[in-house]
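Visitor: I should like to take a close look at one part of this protein and to understand how its charged side chains are placed. Please guide me through it in one connected account.

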Amino acid sequence: MKKILAGACLCGLLLSACTPAAEPGDDGTLHILATTYPVYLFTTAVTEGAEDVEVSLLVNQPTSCLHDYTLTVSDMRAIEKADVLVMNGAGLEDFMDDALATSNAAVIDCDQGVDLLPALNSHDVEEDHAHDAHDHDHEDHDHGDIDPHYWMDPRRAVQMMENLADGLSQADPAHAQDYARAAQSCTAQLSGWAEELNDLFDSARRQEVDFSGLITFHDGFQYFAAAYDLP
């Protein structure tokens with residue numbers, strides 16, 4: 001059971017959009033700005049080995065929900081400086097629509113071609129999980145019609161990674177081979193994790209392990225639960 005939990009945590013830490021070519025900044029560096037930490041992790045992995053490429057994280061402070069986030073002056077400057085903006089998509093970055101409208105950066109939306117699930121609304125959560133202390137959080141932090149936490153499923157994360165590599169190759173053709181090579185290595189690792197987790201859960205089922213309570217009530221884990229048929 002401990003191995004299963006470790007695999008689930010690893011997965012939790014764990015992007016083809018048409019993207020115009022981006023020109024490096026005046027300093028000769030291609031500035032890539034990732035909106036969220038999961039996207040930042042994928043982007044840094046795909047750009048590993050590419051010279052004159054800098055990856056930065058936009059939302060780098062704790063926030064309970066991005067839909068409540070307000071861009072700071074520093075954030076606006078980072079968006080203005082960016083040559084490429086990498087987004088999670090699925091409605092997660094609605095808070096920065098106005099800023100995107102004024103940006104000249106190439107935009108990569110990582111959710112292209114990903115099988116997205118509908119968001120669990122607060123009413124469903126309250127009925128299925130009687131956690132009164134968290135009712136307020138679910139009601140105030142509605143992500144809309146789509147659940148944007150698709151990176152929680154390693155197989156969907158593979159598509160996310162491929163989208164990111166394709167988008168970066170279009171935006172920065174000079175490093176296309178670097179991006180493709182790094183993405184291939186990363187997708188192989190993600191696929192390996194997916195199979196390992198599948199084997200772990202299958203083994204646990206044969207041992208009649210009780211999975212009830214394993215997955216948190218937060219709706220962001222439904223992709224992980226769906227991937228491994230967890231209650």
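Is D115 buried or exposed?

Guide: D115 is exposed, because its relative accessibility is 54%, and a residue is called exposed when this value is over 50%. Please bear in mind that the model is predicted.

The partner of D115 is the natural next step. D115 forms a salt bridge with R156, and their closest N and O atoms are 3.6 Å apart. The two residues come from distant parts of the chain, with their positions 41 residues apart: D115 belongs to the loop between β4 (106-109) and α5 (122-128), whereas R156 belongs to helix α7 (residues 154-171). R156 is buried, because its relative accessible area is 13%, and buried means under 20%. The bridge therefore joins an exposed acidic residue, D115, to a buried basic residue, R156. Side chains of opposite charge can pair when their charged atoms come close.

This contact does not stand alone. Salt bridges with shared partners tie D115, D153 and R156 into one network. In total, the structure holds five salt bridges.

Helix α7 also takes part in a second link, through R155. The side chains of R155 and E195 meet in a salt bridge, at 3.5 Å from N to O. This pair, too, connects distant parts of the chain: R155 is in helix α7 and E195 is in helix α8, 40 residues apart. R155 is partly exposed, with a relative accessible area of 38%, and E195 is likewise partly exposed, at 42%.

Helix α8 (176-206) contains a further salt bridge, of a local kind. R181 pairs with D178, the closest N and O atoms being 3.2 Å apart. Because these residues are three positions apart in helix α8, about one helical turn separates R181 from D178. Beyond this helix, E208 is placed in the loop between α8 (176-206) and α9 (222-227). Its phi is near 60 degrees, a positive value in a residue other than glycine. E208 is exposed, because its relative accessible area is 69%.

A90 offers a counterpart in another loop, the one between β3 (84-87) and α4 (97-101). A90 has a positive phi of about 60 degrees, although it is not a glycine. A90 is buried, however, because its relative accessible area is 12%.

Acidic side chains also gather elsewhere. D27, E51, D52 and E54 form a patch of negative charge on the surface. Of these residues, E51 is found in the loop between α2 (37-46) and β2 (53-57). E51 counts as exposed, because its relative accessibility is 59%.

The cysteines may be considered in turn. The structure holds zero disulfides. C110 is buried, at 0% relative accessibility, and C186 is buried as well, at 15%.

These details belong to a protein chain with nine helices and four strands. Read along the sequence, its elements follow the pattern α-β-α-β-α-β-α-β-α-α-α-α-α. Buried residues make up 45% of the 231 residues in the chain. The chain exposes about 12000 Å², of which carbon and sulfur atoms supply 48%.

Key: Residues numbered from 1 in each chain as written. Predicted model: local features only at pLDDT ≥ 70, side-chain atom pairs only at ≥ 80, totals over all residues. Heavy atoms only, no water. Patch = residues over 30% accessible without salt bridge, like charges linked within 9 Å, V, L, I, M, F, W, Y side chains within 5 Å. Areas by Shrake-Rupley, 256 points an atom, 1.4 Å probe, with all protein chains shown as cover. Salt bridge = Lys/Arg side-chain N within 4 Å of Asp/Glu carboxyl O. Lys, Arg positive; Asp, Glu negative; His and termini not counted. Charge placed at Lys NZ, Arg CZ, Asp CG, Glu CD. Buried < 20%, exposed > 50% of the residue type's maximum accessible area, 1.4 Å probe, protein only. Disulfide = S-S within 2.5 Å.
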